[in-house]
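User: Hi! I'm new to reading protein models and I'd like a close look at one part of this one. Could you pick a spot and then walk me outwards from there?

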Amino acid sequence: MPAVIGTAPGKIILAGEHAVVYGRHAIAVPVSKVQAKASVYPRPDLKPGVIRITAPNIQIDCNLSELSEEHPISKVFSLTKEYLNLNHFPAMSLQIRSSIPIAAGMGSGAAVSIAILKALFTFLGKPFSPEEMSCLSFEIEKIYHGNPSGIDNTVIAHNRPIFYKRNEPFQLLRVGSPLTFVIADCGVKSTTRDMVEYVRHHWSESPSKYEALFDQMDWLAAQAKNAIESEKPDNLGNLLIQNHQLLQQIGVSCPELDHLVNTALQHGAEGAKLCGAGGGGNIIALVNQSAAQLLAQTLQHSGAVSTIITTIQQND
Ligand code: MEV
């Protein structure tokens, strides 16, 4: 039997990160230029239940039983076992590879979980829906970062642009005209868990200040939705800039991210903002498609360690 493969894209957040944890709206889109890929194949040479794991990106090469129970990969298996009511797994090898930057705000944790879940369900001959993948990976997201809003697992499992509010059915976002973004990594690593905790700490010290900032982000996300749905999203750039300013005010930007945002704006981007949890990771810059390559090079000369150009296609 050949290997069965599960894949999942990365993601970027166009508006509303952090505020979405506090019940406000946010917009996220998948980025399929970067992918997590899980390959599962049978190992009749091993005892039933033995599972070999290799994940070169995170230096894992061991049996599943050697990982802690709380490890996200162990959790994928234990949740699947419970969900499918299995006694044990057939012997297998699982290989995980991902081109999604880790700890950079592009949803690598959720994408890896979903890629493994898809490969595992397929290997076991069990049909699955995107919603099931989203719900199961949400359980694993809780281990990665404590109090996730659910936006990462939702956008990655459904692989469509979404307008999202916690605990409500998400809305698929209509994209009225193609939008090109340069994604640029500032090179500073930062975990979502730490940044979400950082915001929680400051919110608990100044709740009214933070609630007011989150309300402004909610309004911006609604305006950004209208802009994205329109055929002429002229004010989207400006909304991204305002969103970045609010993220600065909640304390999740850093000099490296601000530098890349400013560089992008000085070199023709219509708008730019940090993207994801902040404290490091990526910025996104909205740019005319014909100018994207040049802007990516400029950002690399100004300190970005890598860049990705992605176009969100019109979908109506
Ligand atoms: C992470 O991609 C986005 C955050 O808003 C956290 C979350 O929504 O769970 C920072």
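Analyst: Sure, let's begin with a single residue, His25, which sits in the loop between strand 1 and strand 2 (26–42). Keep in mind that what you're looking at is a predicted model. Is His25 buried or exposed? Its relative accessibility is 18%, and the cut-off for buried is under 20%, so His25 counts as buried. Who does His25 touch, once we set aside its neighbours within four places in sequence? The list is Gly16, Phe163, Tyr164, Lys165, Asp218 and Ala221.

Now slide along into strand 2, where you'll find Val34. With a relative accessibility of 6%, Val34 counts as buried too. Here's a nice bit of folding to look for: Val34 and Ser98 are 64 residues apart along the chain, yet their C-alpha atoms are separated by 7.6 Å. Again leaving out neighbours within four places in sequence, Val34 is in contact with Ala8, Pro9, Gly10, Ser99, Ile100, Pro101, Met106 and Ile308.

Next up, the helices. Start with helix 1, which covers residues 72–83. Its twelve residues should span 16 Å at 1.5 Å a residue, and its end C-alpha atoms are 16 Å apart, so the two agree. Which residues of helix 1 are buried? They are Pro72, Ile73, Ser74, Val76, Phe77, Leu79 and Thr80. A handy thing to know here is that an α-helix has 3.6 residues a turn, so residues three or four places apart point the same way. As for what the buried residues of helix 1 pack against, you'll see strand 3 (51–55), strand 4 (60–63) and strand 5 (92–98), plus helix 2 (108–123) and helix 3 (130–145). After helix 1 comes Asn85, with a positive phi near 60 degrees.

Two of those partners also meet each other. The axes of helix 2 and helix 3 come within 9 Å and cross at roughly 135 degrees, which makes helix 2 oblique to helix 3. The crossing is right-handed. On the helix 2 side, the contact uses Gly109, Ala110, Ser113, Ile114, Leu117, Lys118 and Phe121, while helix 3 brings Met133, Leu136, Ser137, Ile140, Glu141 and Tyr144. Sort the residues of this contact by type and you get eight nonpolar, three polar and two charged.

Further along the chain there's another pair to compare with your own eyes. Helix 5 (residues 192–205) and helix 6 have axes that come within 5 Å and cross at roughly 120 degrees, so helix 5 is oblique to helix 6. Val199, His202, Trp203, Ser204 and Glu205 of helix 5 make the contact with Pro207, Tyr210, Glu211 and Phe214 of helix 6. That contact splits into five nonpolar, two polar and two charged residues.

Let's finish with helix 7, residues 236–249. It has 14 residues and reaches 20 Å from its first C-alpha to its last, close to the 20 Å expected at 1.5 Å a residue. Buried in helix 7 are Leu236, Gly237, Leu239, Leu240, Asn243, His244, Leu246 and Leu247. These buried residues pack against strand 1 (4–15), strand 8 (179–185), strand 9 (271–275) and strand 10 (282–287), along with helix 6 (207–229) and helix 8 (255–266). Helix 7 is followed by Gly251, which has a positive phi near 95 degrees. And strand 1 brings us back to our starting place, as His25 lies in the loop between strand 1 and strand 2.

Notes: Residues are numbered from 1 along each chain as its sequence is written. This is a predicted model: local features need pLDDT of at least 70, side-chain atom pairs count only at pLDDT 80 or more; totals for chains, interfaces and linings use all residues. Side-chain values use heavy atoms; hydrogens and water are left out. Helices (H or I, at least four residues) and strands (E, at least two) are DSSP runs, numbered from the N terminus. The expected span of a helix is 1.5 Å times one less than its number of residues. Buried means under 20% relative accessible area, exposed over 50%, partly exposed in between (1.4 Å probe, protein chains only). Contact means heavy atoms within 4.5 Å. Axes are lines fitted to C-alpha atoms, for helices over the stretch in contact, and angles run from 0 to 180 degrees between N-to-C directions. Angles under 35 degrees count as roughly parallel, over 145 as roughly antiparallel, 65 to 115 as roughly perpendicular and the rest as oblique. A crossing is left-handed if the near helix is turned anticlockwise from the far one by less than a right angle, and right-handed if clockwise. Ala, Val, Leu, Ile, Met, Phe, Trp, Tyr, Cys and Pro count as nonpolar, Asp, Glu, Lys and Arg as charged, and the others, Gly among them, as polar.
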